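Colleague: I have a model open and would like to learn how to read its packing. Could you walk me through it?

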Amino acid sequence: MKIAFLSSIYLKHLEIIYEKYKFLEEKSYFEQYTTIRKESICSMGEWPSHFRRNNTETIMLCLNNPFQQKAWCRENHFTPKTKEPDFEIILEQLKRFKPTHLFVFDIYY
């Protein structure tokens, strides 16, 4: 079983985190995810860890974090080609991860 979690982060909270960690946007996708999970006021990072304890492969994808998504594109040699790059990146991440289950936290997805 492979579960992909789709979520978002409060924009003000995202801004506070990136202000606190001045060079965070230059870090890897995983380093950004780890820092955001540590600083997050929501449970977005907890769901995957609960499933991983049961040997389930998981991924947490955040549509509205352009810094993290840019890092993913850079690391995975992906260049969005449409006028909706946020959704195009998420779709590509899902295609590459190939989840058996999709857990959506945000109604706008």
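Modeller: Let's go through a helix pair, the nonpolar cores and one strand residue, keeping in mind that this is a predicted model.

Colleague: How do helix 4 and helix 5 cross, and at what angle?

Modeller: Start with the axes: those of helix 4 (residues 66-75) and helix 5 (residues 85-97) come within 11 Å and cross at roughly 50°. That angle makes helix 4 oblique to helix 5. As for handedness, helix 4 passes helix 5 in a left-handed crossing.

Colleague: Which residues make the contact?

Modeller: Helix 4 contributes Gln69, Trp72 and Cys73, while helix 5 brings Ile89, Ile90, Glu92, Gln93 and Arg96. Sorted by class, this contact of helix 4 with helix 5 has four nonpolar, two polar and two charged residues.

Colleague: Now the cores. What should I look for?

Modeller: The general idea is that nonpolar side chains tend to be buried together in soluble globular proteins. Here the largest nonpolar core has 14 residues, and Leu61, Trp72, Ile90 and Leu94 touch the most other members. Strand 1 (2-7), strand 2 (57-62), helix 4 and helix 5 each give two or more residues to this core, and helix 5 supplies the largest share, four residues. A second, separate core has seven residues, including Ile9, Leu14, Leu24 and Ile36.

Colleague: Is Thr58 buried or exposed?

Modeller: Thr58 counts as buried because its relative accessibility is 11%, under the 20% cut-off. Thr58 lies in strand 2. Setting aside neighbours within four places in sequence, Thr58 is in contact with Ile3, Phe5, Pro48, Phe51, Arg52 and Phe97.

Definitions and conventions. Residues numbered from 1 in each chain as written. Predicted model: local features only at pLDDT ≥ 70, side-chain atom pairs only at ≥ 80, totals over all residues. Heavy atoms only, no water. Axes fitted to C-alpha atoms, helices over the stretch in contact; angles between N-to-C directions. Parallel < 35°, antiparallel > 145°, perpendicular 65-115°, else oblique. Left-handed = near helix turned anticlockwise from the far one by under 90°. Contact = heavy atoms within 4.5 Å. Nonpolar A, V, L, I, M, F, W, Y, C, P; charged D, E, K, R; others polar. Core = buried A, V, L, I, M, F, W, Y, C linked by side-chain atoms within 4.5 Å. Buried < 20%, exposed > 50% of the residue type's maximum accessible area, 1.4 Å probe, protein only.
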